[in-house]
Each structure stands twice: as structure tokens, then as C-alpha cells.
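Here is a short tour of one protein model. Keep the sequence and the 3D view open while you read.

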Amino acid sequence: MHHSKKLINSVGSCVDDALDGLIACNVGIQLLQGHRVVIRSDLKNVRGKVAVLSGGGSGHEPAHAGYIGVGMLSGAIAGDVFTSPPPRSISAAIRIMLRAGAAGVLLIVKNYTGDRLNFGLALEEAKAEGIDVEMVIVADDCAFTTQKKAGRRGLCGTVLIHKMAGTMSEMGMPLSEIVEKLNAALCKLGTMGICLSPCSVPGSEPTFNLEADELELGLGIHGEAGIERIKMMSADEIVQKMIDHMTDPSNESHLNLEAGDHIVLIVNNLGGLSCLELNIVAKSAVKYLERKEVIIERAYIGSLMTSLEMGGTSLTLMHVDNEQLKLLDSRTSAPGWPNAGRHRLVRRCKILSAPFLEPEISDTAPESGPFVEKAQSVLDKISITLLQMEEKLNELDREAGDGDCGVTHARAAEAIKNLRTSNAVPGNGYQLLLCLGRITRDQMGGSSGALYSISLMAAAQCLKDNNNPTAWAAAMSSGIEALKRYGGAEPGDRTMVSPAS
């Protein structure tokens, strides 16, 4: 049996070790003795306010313990990986909040059978003892076109409910009012996920298999099956497919979305997507929503609710009004909440005009004379030789590198040919070397382009006032010193510095 590699101490201790690490690095949270219950360190500040608790199986970090703090959760109960926490620990968390003087307890639960049963049992036990406790169930999955018996699954939209509930608690709202406002928000919340690669519970095989050219659309955060397996496509196409499915009126779990609607957007990393890919997905989502004339009031990007190392992303959309935006914008000390901008995304160009990088050259007319004729002859020889040696240089480079040395030099040769045929060869050494330095910088690419450009630019400075042989000798020395200074090579290292020295 093949088990995925995990950076853990042991399978049995991984959840406890992870909680210990979170607590060790965040002074605002503490562990409840004998339980996998993480609570705020400043419990005295819960007195007179509604305590907000959440939790579920581990493996979704930073959910849920990462969202504990002022203005968010009062505590979180963790189970084993992808396993609902035991009712005993949930009951302990409720009672510790009651002991701290909380004015009621709110349980925020994702819609999974185990979570509903275990949190529900703890709730009923608490109510039987006269404790004022209520439960809000988050079911934001927009994947299934027909409603399932168990209902829609709870996904990343849960984090927005955490945030609004925590803020309302800090404002001193009563439990009944918080529940009413959250239930209203839940009706306007939707999430959709896509997966490129599976995750694996520590000590186990991957939860499912995907072919190299496949994606799974609409899967759950525990690796539950999605609604469709499709072939790989571009980020733009994937995002469009996700949003179209989420908002398709024929889909019984869809989210209504029309032009002019005000929403918040979450672009969530399911665990194994690179930051580069996540930003591409975010760009695709923002552009597509803007084309649909939807107003994006806030955008949150990052790992908000993961599925271990699953390679994938989910998009969450929630309709918001000004009151809900204030709840989301309110400050929180929770370490997992993204420090996002508190401003609407605006449809305008965010590109600053770049400064002009090239030096001003007054004489723009084609030049002639002995220097230009000689320079043209040398440049012809250089470009012809480099083009003839393209494959030979590639072959040599394949023995020690990535095999593109000839290609990069050929690009420089073509640019030099264009300079030559356009009669744009400058009439003095200073401008010629600057020109060649810009060509190798912009057209050649790679390390070679940078090295040639550095050398030529440094050499040019010695020819600014003189174009005589002594100045050219000094220019050669200056160029070599620049190569040594920035490239780190010395004569004898078998680099371009050796033959040039």
C-alpha cells in the first residue's frame, strides 16, 4: 500500500501536535485540559456576550482553531482528521463558556452528518440543563443540481459566517438576533470547488484517483465525489465553468446572481495549489464576475478552508449589504483571517505608467563614417557566426545545462541583424555599446543576456568622452570586472570571463 509522505511525528499524534504548534505561536489562544478544544486566552472578555463555537474534523486548517480571536470564534473543537469531534469535548467547550459568564452559546456547524449529530447531541444536553445555546448549520455547496437527502454540504462559506457571528457577539447582540441575521446570510451564500489532485489522510492512501489530464468538479472538502470529471482546461475556462454552474437557475442548489449584485468573493486554496496558480484563479474570477457586471465589494484570497494537501480551489460568493460589510470589515485578532483590503474592487486600470528606461540620444539620423562602417562589418560577422553555430552551442549546452545556449545567442544575432539592416548603428563607441547592451538585455534573455548586458553597459562608461584605443582597452577591462563582480566568476573558472581576461 502506498502512503503519501507527511511531515509529521506520528499518525496518532498529528492532530495534537498541530494544535500545540498553533497555540505555541499564538498567545491569544489556549488549550482546554483533556480535550482537543482551543479557546481564547482572554475568556474574561466573553462575559456578557454570546460565545461563538465551531469545529469539525482536522485537516481543514486554518479552520477552525485559526479563527479564534476577538471578533471571531470564542473557541473551536477539533476531531481526528476528517472526523467529527466527540460530543463530550463539545459539551466541555459549551460549559467553559458558561463558566466564563457568556450570555448564551452559538454553535456554527458545517452540514455533515457526523458534525450535525455530535454537535446536536451536545446542544440537546446543554438545553436540558437550561443553557441558552443555538446552532446554525452552514450548507453552501452549489455542486448538486438536485437536492440530496442530506442537503448541501458545508464548505468555505462557513468562514464568512464565523466572522459575522464573532463581530455581532463583540457588539453585544443577543443570541436570537445573531441567529436570525446569520440565517438570512446563509440564504445568499454559495461555494463551488474544483480539484486537480487528491489528498490523503495521514497513514492512508489518497482518498481517490484522478488521471493526469482530469479535473473533478464539485467535490467536498473530505474528498467526497464531485458531480463531474472533466478534461484539463485553462484557468479562465475552469473559473467560468464553476461560476456558471453555481449560478445556473436549473441547478437546485444554485446561487442567484445578476448584474448589479453586490457580493464578496473568496478564492480559497484547498491545500496544495501554488500561490502563483491561486492568483491566476483570482484574476480569472474577478474578470469574469466583472464581465457579468457584478460588484465585488471584497475579495479574500488564500488558504481559508483546506483539505490537507488537495490540489484545488474553491470559489465562494455571498450577497452582502452595508451592514454585513461592516461585520466583515471589523477587526479581529484571529490568526487565520485574511488581512484583506476594506474597499470595493473597482473597474479601472491599475497599471502605473512606466518611466522611460533608455538614455536620450540626440542624433537620430542614420550615421556614416569609418567607425560606423567598421562597426557594421564586425556586427555582420558576429550575427552570421552566432546563427551558424546555433545548434552546435545547443549541443554543447545540453551536456552541462538546459540546451538553449544556441537559441539565446541566435535571438541576439537576429536583433543585431535588425539593427544593422535598419541603418541604426550608432556613430560612436559609447552609444554602440549601450545599444548592444539593451539588445542583449531585452532580446536575448536568460543568464547570458544579463551577463552580456552588464558587461556592455559597464564598458560603455569608459567611452563616454573618448573613442580612442586606450579608452577601448579600459572599456574591455571595465566590462570584465563587471562580469566578475555580478556573476561571481574569476579567470580559470571556465566561464566567459576566462577567454575575455
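The report below covers the sheets, the helices that pack on them, one loop residue and two helix pairs.

## The sheet from β1 to β6

The model is predicted. Start with an open sheet of six strands. Its order is β1-β2-β4-β3-β5-β6, and the pairing is mixed. At the edges are β1 (29-31) and β6 (133-138), each paired on one side only. Neighbouring strands are turned by 25 degrees against each other on average, direction ignored.

Look inside the sheet at β2 (residues 37-40) and β4 (residues 75-81). This pair is antiparallel and holds three bridges. Valine 38 has alanine 76 in β4 as its bridge partner.

A helix packs on this sheet: α3 (residues 113-128). It touches β3 (51-58), β4, β5 (105-110) and β6. The direction of α3 makes about 165 degrees with that of β6.

Helix α1 (residues 14-24) also meets these strands. Which residues of α1 are buried? They are Cys14, Val15, Leu19 and Ile23. The cover over these buried residues includes β1, β2, β3 and β4. A general point about helices helps here. An α-helix has 3.6 residues a turn, so residues three or four places apart point the same way.

## The sheet from β7 to β12

Another open sheet is built from six strands, in the order β9-β8-β7-β12-β10-β11. Its pairing is mixed. The edge strands are β9 (228-231) and β11 (295-302). Each has a single partner strand, so one side of each is left without a neighbour in the sheet. From one strand to the next, the twist averages 20 degrees.

Follow β7 (residues 189-197) next. β7 runs antiparallel to β8 (residues 214-217), and two bridges join them. Cysteine 195 of β7 stands opposite glutamate 216 in β8. β7 also pairs with β12 in the antiparallel sense, over eight bridges. Isoleucine 194 takes part on both sides. Its bridge partner in β8 is leucine 217, and in β12 it stands opposite threonine 313. How much of β7 is covered? Seven of its nine residues are buried, which leaves the strand mostly covered.

Two helices pack on this sheet. Helix α7 (residues 275-291) touches β10 (262-269), β11 and β12 (311-319). Its direction makes about 160 degrees with that of β10. Helix α8 (residues 322-329) touches β10, β11 and β12. The direction of α8 makes about 25 degrees with that of β11.

## A loop residue with distant contacts

Where does isoleucine 227 lie? It sits in the loop between β8 and β9. Is it buried or partly exposed? Its relative accessibility is 31%, so isoleucine 227 counts as partly exposed. The residue touches Ala143, Phe144, Met192, Leu217, Gly218 and His245, leaving aside residues up to four places away in sequence. Alanine 143 is 84 residues away along the chain, yet the two C-alpha atoms are separated by 6.7 Å.

## Two helix pairs

Two packed helices are described by the angle between their axes and the distance between the axes. The table gives both values for each pair.

| Helix pair | Angle | Axis distance |
|---|---|---|
| α11 (residues 405-421) and α12 (residues 429-444) | about 135 degrees | 9 Å apart |
| α4 (residues 158-170) and α8 | roughly 90 degrees | within 8 Å |

Take α11 and α12 first. The angle of about 135 degrees is why these two helices are oblique to each other. α11 passes α12 in a right-handed crossing. On the α11 side, the residues in contact are Thr408, His409, Arg411, Ala412, Ala415, Ile416 and Leu419. They meet Cys435, Leu436, Ile439, Gln443 and Met444 of α12. By class, this contact has eight nonpolar, three polar and one charged residues.

Now turn to α4 and α8. Their axes cross at roughly 90 degrees, which makes α4 roughly perpendicular to α8. Leu160, Lys163, Met164, Thr167 and Met168 of α4 meet Gln324, Leu327 and Leu328 of α8. This contact has five nonpolar, two polar and one charged residues. Helix α8 therefore has two sets of partners: it packs on the sheet, touching β10, β11 and β12, and it meets α4, to which it is roughly perpendicular.

Methods: Residues are numbered from 1 along each chain as its sequence is written. This is a predicted model: local features need pLDDT of at least 70, side-chain atom pairs count only at pLDDT 80 or more; totals for chains, interfaces and linings use all residues. Side-chain values use heavy atoms; hydrogens and water are left out. Two strands pair if DSSP finds at least two bridges between them. Helices (H or I, at least four residues) and strands (E, at least two) are DSSP runs, numbered from the N terminus. Axes are lines fitted to C-alpha atoms, for helices over the stretch in contact, and angles run from 0 to 180 degrees between N-to-C directions. Contact means heavy atoms within 4.5 Å. Angles under 35 degrees count as roughly parallel, over 145 as roughly antiparallel, 65 to 115 as roughly perpendicular and the rest as oblique. A crossing is left-handed if the near helix is turned anticlockwise from the far one by less than a right angle, and right-handed if clockwise. Ala, Val, Leu, Ile, Met, Phe, Trp, Tyr, Cys and Pro count as nonpolar, Asp, Glu, Lys and Arg as charged, and the others, Gly among them, as polar. Buried means under 20% relative accessible area, exposed over 50%, partly exposed in between (1.4 Å probe, protein chains only).
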